[in-house]
Structure formats: structure tokens, C-alpha cells
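Hi everyone, thanks for making time this morning. Let me put the structure up on the screen, and then I'll walk you through it.

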Amino acid sequence: MTSGRAALARYGWDAGWEAAFAPFSQPGSEPGRVTLAHTHIYTVVTGDGDLLARVSGRFRHVARERHEFPAVGDWVVCRRDAGGGRAQIHGLLPRRTRFSRKVAGETTDEQVVAANIDTIFIVMGCDVDFNLRRLERYLVLTRDSGASAIVLLNKADRVPDPQARRQATEALVPNLPVRLLSAKTGLGFDQLAHDLRPGQTIALLGSSGVGKSTIINRLAGSEILRTATVREADDRGRHTTRHRQLVLLPDGAMVIDSPGMRELQLWDASDGFTTTFEDIEALAPGCRFRDCTHRSEPDCAVRQAVERGELPASRLEGYLKLADERRHLEARIEEKRWDKRR
Ligand code: GDP
Ligand code: ZN
């Protein structure tokens, strides 16, 4: 099994995962990483090739919420069926990070869009796409997931002074890594290589048209077509080409690119919320009311800071907008709890 574990290491398997797997370790069970998630069927890469897998009956019985089911990027415990090419998923190793969104519909349910992403590359254009308020939202999403963030300011070739954009972005949050990039000319890609390491899983977030696919293609080079699709035998022995959502890059890092990652909405922003708005949180203790919303209460230290020009009004606007969305979401979660009680 040693060589198998070495093969898994390419997908990020390490001593931590080995320890997490130990309780599941039994003859016939093996770890694998989900490279493609459909509603009920998964492609799982193992130490010995790809498997098509479903969750076992028992797994389905025990897992009650949507987020307890595997997502792309998850490490799972598999058992092969007699034939060998198919498997059942019996367990899910605890996630290090998870990207979630609320599920559209009557109730609010958490759906894990991708798991175990180490670093999110938040892509923003230097051109008309440049918007620090939107970046704040992406930073919140990223921090909530547990992943670290690197900002890629793409399309640097399209503005006369991209360095000014970079400085404005760096001023947003202390120690925020910001890279200037042009996926068109290749500017910044040498530097970007230092942000990637073997076994690391990344994903890109950003508006449509900002250049995410172009960046991935450049990182992947000509390898992408080879790695993005796997050929495997279907039921009748024909070879089919199946798209992957988790792709190995030539330098050993991996990128998760899935439809779900492209349609994210704000989930529970509580942790990321305070860290991203550190300036506002620092002022809040000066408000007269402990639960001040910084909208219309008297003696609000945050609004006073705006009036004195010490805090940009746009910061407060960004904060309030996010607070609204968060409250809205919390109300829906509360409604759902209420539904369950009845
Ligand atoms: P995605 O929707 O985020 O995946 O964006 P795409 O990668 O499809 O890029 C959208 C468009 O922007 C394409 O026409 C790209 O050629 C173009 N584009 C991407 N990166 C750059 C860049 O750095 N500079 C310029 N000028 N155009 C770019
Ligand atoms: Zn206040």
C-alpha cells in the first residue's frame, strides 16, 4: 500500500490525513479524494486509480444534512465492489476547510460546494471590475471557509497605473497578499509560482469575465487537457471522458474549478465578519449602546468617525450591507429551526 499512499500524496495526502483515516482503517477500506461530485455519484482518486463511487446505504442513513455528504475535495473512505472499478463511500474524513452556500429554496440548508481548499485566489480586475466592497465580501467568504486568501489583480495590462490599484487593495486589510497579474501578457506568473506548492489545493473566486479560466489555463499550461479529463470504462466497457472538478497542475498543486464555486452566496459570515471589518469593530465599543447597529442610534462612535473623516463612508456602507445580508440569512435559518420543531 506504500506506493498507493505515495500516489495519494500528489493529491495532498499527509500525516494528518493518515491519522484521520486510522479509525476507518480495515481490510478492504482505502482513502480517496473526491475529484468530481454529482448529486449521488462521485469520482474518487485513490492510491490505485479512479473509482466511481456512491455513498453506502448506511452512510446515507446516518447523514441527515446536506453538508454531511461528500463534496469535491473531500477525503473519503471507500470499499471497492467485487468488480473493482466501482466503490461505496463509508466515511468522510473531517474537513480542514469548507466552502458552503445556502441552498436556494424554502428552507436554508448548508451545501458544501468544495472541501479542503488551502488557499483561495480572489481574482479581481484592475479595470471596471475593480471594487473593494466586493473584495471584502469574498474575503469574508474565504475566511469563513478556513482557507487563506491571496488577491490576484488581473488585467494589469488594461490600466495605466496598476500599482495604484495594488496599493489601494493592500490598504484594505493588514497583511493581505496582493499580486498584480496579467493572464494575457503573463505578467506576475513567475511570482505566482511561489504561491503554489505541491499538495496544496487552491480555487479561484471572482466575477464572471475577470479571467479565472485564462489564469487556470496559464497555470496548467498544456497539461490541463490531459489532467482535466479522465478516460474510464463505463458499464458496457466503452471509454467515456469525464470532466474533473479537481485538477492537478504541473507544479504539483491542485485547482478546484466547479460550477458551484462560481455561484457562491454568503453563508454564516460571523467569524470573517469581524476580522474583515476590524476598524469598525474597534470603534464599536465607543458607541453608547452595546448592540448599536451604527445606523441611527444616538452617540454612535462609528458614524462619528465617518463624520470626522476618520473612517471612509464606503467602509460603513460595506459593513451595513453585509450586516443586512447576514441578518436576512440568520432569519431564514431561524425559520428553518422553527419548521423542524413543528
Ligand atoms: P472567467 O469568466 O473569470 O473565467 O474569465 P475568462 O478567463 O473567460 O476571461 C474573460 C475575458 O477576459 C477573455 O476574453 C480573456 O481573454 C480576457 N482576459 C483574461 N485575462 C486578461 C488579462 O490579464 N488582460 C486582458 N486584457 N484580458 C484578459
Ligand atoms: Zn454605533
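**Starting from Leu153**

Let's begin with one side chain, Leu153. Setting aside neighbours within four places in sequence, Leu153 is in contact with Met124, Cys126, Phe130, Arg165, Arg166, Thr169, Val178, Arg179, Leu180 and Leu181. Before going further, please keep in mind that this is a predicted model.

So where does Leu153 belong? Leu153 is part of the largest nonpolar core, which has 42 residues. Within that core, the members that touch the most others are Ile117, Ile120, Leu135, Leu139, Leu153, Ile256 and Met261. Helix H4, residues 132-145, supplies the largest share of this core, with five residues. At least three core residues come from domain 1 (3-92), and at least three from domain 2 (98-257). There is also another core, apart from this one, with 20 residues, including Val123, Leu181, Ala183 and Val247. You may remember Leu181 from the contacts of Leu153.

Staying with helix H4, have a look at Thr142, which is found there. Is Thr142 buried or exposed? Its relative accessibility is 0%, so Thr142 counts as buried. Beyond its neighbours within four places in sequence, Thr142 is in contact with Phe99, Ile120, Ile122, Ala147, Ser148, Ala149 and Leu205. Ile120 in that list is also one of the core members that touch the most others.

Now for the metal, which I suspect some of you have been waiting for. Which protein atoms are the donors of the zinc ion, ligand 2? They are the SG atoms of Cys287, Cys292 and Cys300, together with ND1 of His294, and they lie 2.1 to 2.4 Å from the ion. Along the sequence, the spacing of these donor residues reads C-x4-C-x1-H-x5-C. The four donor atoms subtend angles of 104 to 114° around the zinc ion, and therefore the arrangement is tetrahedral. For reference, the ideal angle for four tetrahedral donors is 109.5 degrees. Of the donor residues, Cys292 and Cys300 are buried.

Next to Cys300 in sequence comes a backbone detail, at Asp299. Asp299 is not a glycine, yet its phi is positive, near 50°. Asp299 is found in the loop between helix H10 (278-283) and helix H11 (301-307). With 41% relative accessibility, Asp299 counts as partly exposed.

Asn116 is another non-glycine residue with a positive phi, here of about 60°. Asn116 is found in the loop that runs between strand S7 (110-115) and strand S8 (119-125). Unlike a partly exposed residue, Asn116 counts as buried, because its relative accessibility is 4%.

Let's zoom out to the whole chain. The protein has twelve helices and 15 strands, and buried residues make up 49% of its 342 residues. Among contacts with a separation of 6 or more, 65% are between residues 24 or more positions apart.

Finally, a word on confidence. The mean pLDDT of the protein is 83, with 82% of residues reaching 70 or more. Over residues 225-242, however, the pLDDT is below 50, and this stretch has 32 contacts in the model beyond near neighbours in sequence. Residues 265-271 also have pLDDT below 50, with 27 such contacts in the model. Where pLDDT is low, the predicted coordinates should not be read in detail.

That's my tour, and I'm happy to take questions.

Terms used: Residues numbered from 1 in each chain as written. Chains lettered and ligands numbered in written order. Predicted model: local features only at pLDDT ≥ 70, side-chain atom pairs only at ≥ 80, totals over all residues. Heavy atoms only, no water. pLDDT = per-residue confidence, 0-100. Contact = heavy atoms within 4.5 Å. Core = buried A, V, L, I, M, F, W, Y, C linked by side-chain atoms within 4.5 Å. Buried < 20%, exposed > 50% of the residue type's maximum accessible area, 1.4 Å probe, protein only. Helix = DSSP H or I, 4+ residues; strand = E, 2+ residues; numbered from the N terminus. Domains from an automatic or database assignment. Donors = N, O, S within 2.8 Å, 3.2 Å for Na, K, Ca; no water. Tetrahedral: all angles 85-135°; square planar, octahedral: opposite > 155°, others 65-115°.
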